[in-house]
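User: Please take a close look at one strand at the edge of a sheet and the residue at its end, then work outward to the surroundings. A plain account is enough.

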Amino acid sequence: METNKIDNIELKYLTVDDFQELKEATLESYGGILNSYWKRHHIEDLTSLFPEGQVVIKIDGDIAGCALSLIVDYNSIDNEHTYEDIIGGKSFKNHDPNGDVLYGIDVFIKPQYRGLRLGRRLYDYRKEVCENLNLKGIVFGGRMPNYYKHKQLTPKQYIEKVKRKEIHDPVLNFQISNDFHPVRILKGYLEGDTASNEYAVLMEWDNIYYTKPNKKASTVKTIVRLGLIQWQMRPYKGLDDLMQQVEYFIDSVAAYKSDFAVFPEFFNAPLMAEFNHMKESDAIRELAGFTETIIDKLKQLSISYNINIISGSMPEVVDDKLYNVGYLCRRDGSTERYEKIHVTPDEAKVWGMQKGNKLKTFQTDAGKIGILICYDSEFPELSRLLADEGMEILFVPFLTDTQNGYSRVRLCSQARAIENECYVAISGSVGNLPNVNNMDIQYAQSAVFTPCDFSFPSSGIKAEATTNTEMILVADVDLSLLKELHSFGAVKNLKDRRKDFYDVIRIK
């Protein structure tokens with residue numbers, strides 16, 4: 001049908017008044033097969049049991065297509081069920097308002113209206129119902145109308161060839177293009193379906209927005225607010241003076257109801273000024289003496305200001321070995337430790353810093369996060385391991401003295417956001433410390449990066465601070481957009497990885 005001859009297309013709930021027209025449309029769509037249409041009492045039952053599951057598309061007032069559905073308990077469906085098992089002899093006894101999946105029992109488009117993408121509208125409507133009712137997904141038995149031409153193939157081989165576009169199957173091709181995936185073969189599914197040799201494919205669409213009902217109070221958030229602290233290096237009289245400045249910044253980002261306060265790498269370096277008469281390797285170990293006290297104070301501040309604090313990093317001595325470490329101080333009072341895996345040549349040569357060996361994601365009340373300290377962001381394998389654990393936000397506290405060093409951290413962090421389909425927040429220090437050896441000048445521009453897809457900024461930059469200026473940067477990130485990206489992005493970096501060809505593995 002020519003689209004310029006259409007005045008009106010509308011999607012409407014099916015009613016009993018549509019019965020006679022629906023019967024005629026069904027017979028026309030199914031080639032006049034006797035008993036291929038629903039009886040009047042079937043329509044009465046369906047529209048009474050689940051009205052929002054039964055819809056028709058009307059073109060200029062005439063029925064052009066139809067989609068009928070039930071809600072069922074997925075666990076109650078046998079793996080080897082038939083169409084009759086689902087509709088219960090057309091009594092629809094398996095419809096369960098408290099079920100967890102939408103089961104499609106019929107869908108068709110009249111021949112003269114095919115090619116107008118009306119089927120896609122019906123499928124999109126089903127997906128919308130599924131999301132609105134918080135169901136796990138949509139399932140149905142999909143016919144294989146061209147299978148009779150390839151009976152030398154097993155159903156599995158046939159499906160694989162359809163997926164590779166070696167065989168055209170109008171039903172399966174359409175369903176796969178609408179984000180449905182095959183789950184299993186159903187033998188003897190629809191009696192009399194000789195074209196499919198009575199086989200069907202159980203097709204499934206997963207609702208990525210489904211949330212398991214929880215009677216307990218939940219504080220897990222979708223919109224997460226990040227508070228990045230672009231820290232100014234300056235002289236301090238001592239630890240109390242430095243912690244006063246720390247609390248000031250925590251107070252500032254907490255006042256904006258941020259979920260995280262993020263400090264840079266070695267933000268406490270000004271405390272080394274009193275040890276500047278020592279060798280650098282000795283001065284850094286003296287600085288490590290403040291770490292435990294600082295973490296205890298940050299833990300108290302995370303509770304009192306109701307904010308998760310990422311401590312950036314500090315030197316810490318363990319078994320007489322010096323490490324670059326940081327702590328996540330959750331607002332529930334718990335703490336977790338992370339280590340810098342790759343130390344820079346300067347850290348190893350001047351300070352004697354040792355390589356870390358701890359890498360993990362951290363579950364918080366504002367999503368699952370990962371933390372990589374500065375140089376670690378330049379090694380994609382680390383963030384890929386964290387992404388495999390479900391990381392949604394990657395934090396990168398850093399310290400760079402030149403624009404070259406900063407550019408390495410920034411550009412690599414932007415790459416991490418794209419390849420791992422996550423948010424990346426980098427936080428650094430600015431200013432100078434002329435009275436601290438090996439820490440005399442800093443260059444930074446803190447920022448929040450995103451994947452580059454339609455739901456995100458085209459530049460991949462959510463927010464960025466003013467270069468080399470002391471300030472806070474507050475930005476919101478939407479974790480639900482990441483779920484949507486994983487399944488419906490223009491490209492799917494995580495799903496499209498060739499794990500059959502290469503992989504990233506953890507040795508320790």
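Analyst: The model is predicted. The part chosen here is strand E14, residues 362–364, with Thr 364 as the residue of interest.

Thr 364 has a relative accessibility of 5%, and because buried means under 20%, Thr 364 counts as buried. Its side chain has polar partners in the backbone. A polar atom of the Thr 364 side chain lies 2.6 Å from the backbone oxygen of Gly 367. The backbone nitrogen of Ala 366 is 3.0 Å from a polar atom of that side chain. Beyond the neighbours within four places in sequence, Thr 364 is in contact with Phe 260, Leu 328, Arg 330 and Ile 369.

Ile 369 also appears in the strand pairing. Strand E15 covers residues 367–371, runs antiparallel to E14 and is joined to E14 by three bridges. Within this pairing, Phe 362 stands opposite Ile 369. Ile 369 is thus named twice: as a contact of Thr 364 and as the residue opposite Phe 362. In general, strands of a sheet pair through backbone hydrogen bonds, in a parallel or an antiparallel way.

The sheet that holds E14 is open and has six strands, in the order E14-E15-E16-E17-E20-E21, with mixed pairing. E14 and strand E21 (461–464) are its edges; each has a single partner strand, so one side of each has no neighbour in the sheet. On average, neighbouring strands of this sheet are turned by 20° against each other, direction ignored. Helix H12, residues 403–419, lies across strand E16 (393–397), strand E17 (423–427), strand E20 (447–449) and E21, and runs at about 165° to E17.

One residue of E16 leads to another region. Gly 312 touches Pro 397, along with Phe 263, Pro 264, Glu 265, Val 325, Gly 326 and Tyr 338, leaving out residues up to four places away in sequence; E16 covers 393–397. Gly 312 sits in the loop between strand E10 (308–310) and E11. Its relative accessibility is 0%, so Gly 312 counts as buried. From C-alpha to C-alpha, Gly 312 and Asn 324 are 9.9 Å apart, with their positions twelve residues apart in sequence.

Asn 324 is also among the contacts of Met 314, which lies in strand E11, residues 314–318. Not counting neighbours within four places in sequence, the other contacts of Met 314 are Phe 266, Phe 267, Asn 268, Thr 291, Ile 294, Ile 295, Tyr 323 and Val 325. Val 325 is touched by Gly 312 too. Met 314 has a relative accessible area of 1% and is therefore buried. Its C-alpha atom is separated by 6.9 Å from that of Ala 288, although the two are 26 residues apart along the chain.

Phe 266, one of the contacts of Met 314, has a backbone feature to note. Its phi is positive, about 50°, although Phe 266 is not a glycine. Most residues other than glycine have a negative phi. Phe 266 is found in the loop between strand E9 (260–262) and helix H8 (280–288). Its relative accessible area of 2% makes Phe 266 buried. E9 starts at residue 260, and Phe 260 is a contact of Thr 364, which returns the account to the edge strand.

Lys 165 offers a contrast. It also has a positive phi, about 65°, and is not a glycine, but its relative accessibility of 63% makes Lys 165 exposed. Lys 165 lies in the loop between helix H5 (155–163) and H6.

H6 (170–177) is one of the elements that line the largest pocket. That pocket has a volume of about 1,700 Å³. Of its 49 lining residues, Tyr 30, Asp 106, Val 107, Phe 108 and Arg 143 are the closest to the centre. Besides H6, the elements that give two or more residues to the lining are helix H3 (83–87), strand E4 (101–109), helix H4 (118–132) and strand E5 (137–142).

E5 in turn is joined to E7 by six bridges and runs antiparallel to E7, with Gly 142 opposite Val 201. Strand E6, residues 181–187, is likewise antiparallel to E7, with six bridges, and Pro 182 has Met 203 as its bridge partner. Strand E7, residues 199–206, is mostly covered, with seven of its eight residues buried.

Definitions and conventions. Residues are numbered from 1 along each chain as its sequence is written. This is a predicted model: local features need pLDDT of at least 70, side-chain atom pairs count only at pLDDT 80 or more; totals for chains, interfaces and linings use all residues. Side-chain values use heavy atoms; hydrogens and water are left out. Helices (H or I, at least four residues) and strands (E, at least two) are DSSP runs, numbered from the N terminus. Buried means under 20% relative accessible area, exposed over 50%, partly exposed in between (1.4 Å probe, protein chains only). A polar contact is a pair of N or O atoms within 3.5 Å; within protein, one must be able to donate a hydrogen and the other to accept it, and residues adjacent in sequence count only if both atoms are side-chain atoms. Contact means heavy atoms within 4.5 Å. Two strands pair if DSSP finds at least two bridges between them. Axes are lines fitted to C-alpha atoms, for helices over the stretch in contact, and angles run from 0 to 180 degrees between N-to-C directions. On a 1 Å grid over the protein atoms alone, a cavity is a set of points where a 1.4 Å probe fits but cannot get out, and a pocket is an open set with protein on both sides within 12 Å along at least five of seven lines; lining residues have an atom within 4 Å of a point. Grid points are joined across faces, edges and corners, and a volume is the space filled by probe spheres set on the points.
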